[in-house]
Amino acid sequence: YQRIYFEGLTDNIWVGSGANFQQSNLYQMTIGGLTPALTGAMEHMYEAPYRLISSCNYFLDNVDRAKDFFEEEELDIIKAEVHFIRALAYFDLVRLFGGVVVYKNFIETAEDARIPKSTEVEVYAFIEEDLNYAISKLPDERYVGHAVKGSAQGILGRVLLTQEKWADA
């Protein structure tokens with residue numbers, strides 16, 4: 001998942017050309033080389049999260065086919081990680097665009113994709129639902145490269161603060 005590294009537009013990080021970085025237009029933006037032909041970060045801001053969401057939905061719709069190969073607890077953790085990642089993608093979308101289309105399942109036909117845009121409140125509710133699921137299933141241990149309970153709690157805190165739900169946060 002290629003998240004947009006907006007910090008690259010500040011002096012906090014370097015997104016220079018030649019770096020192992022797939023958002024070269026951010027570098028062009030930092031040096032003032034943006035032209036009408038270059039879309040800056042825009043090309044990734046909408047389509048990349050939806051690509052990730054589609055992959056997450058495909059996984060969640062089909063993961064139970066693999067239940068004979070995993071212990072139930074292990075499968076729960078994997079599902080929780082995917083819920084966490086999907087929530088993160090929707091969080092990126094809602095902060096950038098407000099209300100967006102929420103796909104809760106994998107889209108198999110073009111007709112399935114034709115659903116109305118959700119309100120910002122509905123998107124945040126879905127994000128909270130995914131994160132609460134992740135919190136209930138992820139291991140309560142130190143981060144070692146996979147999402148853990150604390151990862152999901154941290155993102156949920158940011159989600160709640162963004163909505164100014166101070167007491168819940």
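**Entry 1. Cut-offs and Glu164**

I call a residue exposed over 50% relative accessible area, buried under 20%, and partly exposed in between. The model I am reading is predicted. I started with Glu164, which sits in the segment after α6. Glu164 has a relative accessibility of 54%, so I put it down as exposed. I then looked up its backbone: Glu164 is not a glycine, yet its phi is positive, at about 60 degrees. I noted this because most residues other than glycine have a negative phi.

**Entry 2. Overall layout**

How many helices and strands does the protein chain have? I find six helices and zero strands. Along the sequence I therefore write the pattern as α-α-α-α-α-α, with helices taken as DSSP runs numbered from the N terminus. The protein chain has 169 residues, and 38% of them count as buried.

**Entry 3. The nonpolar core**

I looked up the largest nonpolar core next and found 33 residues in it. Which of its members touch the most others? They are Tyr50, Tyr90, Ile127 and Leu131. I then checked which helices supply this core: α3 (47-62), α4, α5 (120-137) and α6 (149-162) each give at least two residues. The most comes from α4, which contributes ten.

**Entry 4. Phe126**

I located Phe126 in helix α5. Its relative accessible area is 4%, and I list Phe126 as buried because that falls under the 20% limit. For a contact across the sequence I looked at Phe91. The C-alpha atoms of Phe126 and Phe91 are 9.7 Å apart, while the two residues are separated by 35 positions in sequence.

**Entry 5. Salt bridges**

I count seven salt bridges, and I looked up three pairs.

Lys79 and Asp64 form one of them, with the closest N and O atoms 3.0 Å apart. Lys79 belongs to helix α4 and Asp64 to the loop between α3 and α4, so this pair ties together parts 15 residues apart in sequence. Are the two partners buried or exposed? Lys79 is buried, at a relative accessible area of 16%. Asp64 is partly exposed, at 41%.

Lys165 and Glu128 form another, at 3.1 Å from N to O. This pair links distant parts of the chain, with Lys165 in the segment after α6 and Glu128 in helix α5, 37 residues apart. Lys165 is partly exposed at 31% relative accessibility. Glu128 has 15%, and I class it as buried.

The third pair I looked up is Glu111 with Arg114, whose side chains meet at 2.8 Å from N to O. I find Glu111 exposed, and Arg114 as well.

**Entry 6. Tyr133 and Lys79**

I came back to Lys79 through Tyr133. Tyr133 is found in helix α5. With a relative accessible area of 25%, Tyr133 is partly exposed. Tyr133 and Lys79 are 54 residues apart in sequence, and I get 9.2 Å between their C-alpha atoms.

**Entry 7. Surface patches**

Which residues gather in a patch of negative charge on the surface? I list Glu71, Glu72, Glu73 and Glu74. I followed up Glu72, whose place is in helix α4 (residues 72-97). Glu72 is at 65% relative accessibility, so I count it as exposed.

I also looked for nonpolar residues at the surface. Tyr46, Leu96 and Phe97 make a nonpolar surface patch of about 250 Å². Phe97 is in helix α4. Its relative accessibility is 31%, and I mark Phe97 as partly exposed. Patch residues need over 30% relative accessible area, so Phe97 meets that cut-off with its 31%.

**Entry 8. Cross-check on α4**

I collected what I had noted for helix α4. It gives ten residues to the largest nonpolar core. Helix α4 also holds Lys79, the partner of Asp64. Glu72, from the negative patch, is in α4, and Phe97, from the nonpolar patch, is there too. For α5 my notes include Phe126, Tyr133 and Glu128. For the segment after α6 they include Glu164 and Lys165.

Methods
Residues numbered from 1 in each chain as written. Predicted model: local features only at pLDDT ≥ 70, side-chain atom pairs only at ≥ 80, totals over all residues. Heavy atoms only, no water. Patch = residues over 30% accessible without salt bridge, like charges linked within 9 Å, V, L, I, M, F, W, Y side chains within 5 Å. Areas by Shrake-Rupley, 256 points an atom, 1.4 Å probe, with all protein chains shown as cover. Salt bridge = Lys/Arg side-chain N within 4 Å of Asp/Glu carboxyl O. Lys, Arg positive; Asp, Glu negative; His and termini not counted. Charge placed at Lys NZ, Arg CZ, Asp CG, Glu CD. Helix = DSSP H or I, 4+ residues; strand = E, 2+ residues; numbered from the N terminus. Buried < 20%, exposed > 50% of the residue type's maximum accessible area, 1.4 Å probe, protein only. Core = buried A, V, L, I, M, F, W, Y, C linked by side-chain atoms within 4.5 Å.
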